Amino acid sequence: MGAMSFDAASVIAFAPSIDLGRSRVFYETVLGLPVLDQSPYACVLQSGGTMLRVTKVEQLTVQPFTVLGWGVQDIHETIADLATRGVAFVRFEGMGQDADGIWAAPGGDLIAWFRDPDGNMLSLTQFA
């Protein structure tokens, strides 16, 4: 029996939530992710080939960094679409973001940030 090879294993992403119903509406309706399962403990969704478990927590300390992100083909189009669904993009002091809230990284990637209903920082990246 050989050792487990993680390079072939599926990644499972986790995000905490104090209100699974509210989170389900956001991830399913606003972001368009299909729900695989719902229990009192988690709302399980699919994003590309990755399982996303939005997990029920009693308390949540919002982190100042990105906890989930998506690579997108056209960041301007994606932002415009999400804005029509009520998503507000985060601006950071001194980052030099454009009118849509997009920051151009030194390597040419374009990145924008937004929050889920629990305040978890999410991002979009259009790779150079």
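The legends below walk through several close-up views of a predicted model.

**View 1. The whole chain, to get your bearings.**
Start with the overall layout: the chain has two helices and nine strands. Reading from the N terminus, the elements follow one another as β-α-β-β-β-β-α-β-β-β-β. The C-alpha atoms fill a box of roughly 50 × 40 × 25 Å along the principal axes. Of the 128 residues in the chain, 34% are buried. Among contacts with a separation of 6 or more, 52% come from residues 24 or more positions apart.

**View 2. An open sheet of four strands.**
Follow the strands across this sheet and you meet them in the order β1-β4-β3-β2, with mixed pairing. Strands β1 (12–17) and β2 (35–38) stand at the edges with a single partner strand each, so one side of each has no neighbour in the sheet. On average, neighbouring strands here are turned by 20° against each other, direction ignored. Strands of a sheet can pair in parallel or antiparallel fashion, through backbone hydrogen bonds. Both kinds can be found here: β1 and β4 run parallel and are joined by six bridges, while β2 and β3 (residues 42–47) run antiparallel and are joined by three. To find your place in each pairing, look for A15, whose bridge partner in β4 is V54, and for V35, whose bridge partner in β3 is L45.

**View 3. Strand β1 and its two faces.**
Which side chains of β1 point to the buried face? They are A13, A15 and S17. The side chains of I12, F14 and P16 point to the other face and are not buried.

**View 4. Helix α1 against the sheet.**
Helix α1 (residues 20–30) packs on the four-stranded sheet and touches β1, β2, β3 and β4 (50–56). The direction of α1 makes about 155° with that of β4. In this helix the buried residues are L20, S23, F26, Y27 and V30. Why do they line one face of the helix? Seen down the axis of α1, they fall within an arc of 150°, so they line one face. A helix turn takes 3.6 residues, so residues three or four places apart point the same way.

**View 5. The two ends of α1, and a residue within.**
At the N-terminal end of α1, D19 acts as a cap, with a side-chain oxygen 3.2 Å from the backbone nitrogen of G21. Just after the helix comes G32, which takes a positive phi of about 80°. Now look at E28, which is also in α1: its relative accessibility of 31% makes it partly exposed. Leaving out residues up to four places away in sequence, E28 touches L33, V35 and L45. The C-alpha atoms of E28 and C43 are 9.8 Å apart, although these residues are separated by 15 residues in sequence.

**View 6. Helix α2 and what covers it.**
Helix α2 (residues 75–84) has I75, I79 and L82 as its buried residues. Down the axis of α2 these residues fall within an arc of 70°, so they too line one face of their helix. What covers them includes α1, β6, β8 and β9. On the face turned away from the buried side you will find the exposed residues E77 and T84. D74 caps the N-terminal end, placing a side-chain oxygen 3.1 Å from the backbone nitrogen of H76. After α2 comes G86, with a positive phi near 90°.

**View 7. Aromatic pairs.**
Across the whole structure there are four aromatic pairs. In one of them, the ring centres of F89 and F114 are 5.4 Å apart and the planes are at 55°, so the pair is tilted. This pair links distant parts of the chain, with F89 in strand β6 (residues 89–90) and F114 in strand β8 (residues 110–115), 25 residues apart. Are F89 and F114 buried or exposed? Both are buried. Ring pairs also link F92, W103 and W113 into a cluster.

**View 8. T125 in strand β9.**
Our last stop is T125, which sits in strand β9 (residues 121–126). Its relative accessible area is 12%, so T125 counts as buried. Beyond its neighbours within four places in sequence, T125 is in contact with W70, G71, V72, D109, L110 and I111.

Definitions and conventions: Residues numbered from 1 in each chain as written. Heavy atoms only, no water. Phe/Tyr/Trp six-rings, centres within 6.5 Å; stacked < 30°, edge-to-face > 60°. Buried < 20%, exposed > 50% of the residue type's maximum accessible area, 1.4 Å probe, protein only. Pairing = 2+ DSSP bridges. Axes fitted to C-alpha atoms, helices over the stretch in contact; angles between N-to-C directions. Contact = heavy atoms within 4.5 Å. Arc of directions from axis to C-beta. Polar contact = N/O pair within 3.5 Å; in protein donor to acceptor, adjacent residues only side chain to side chain.
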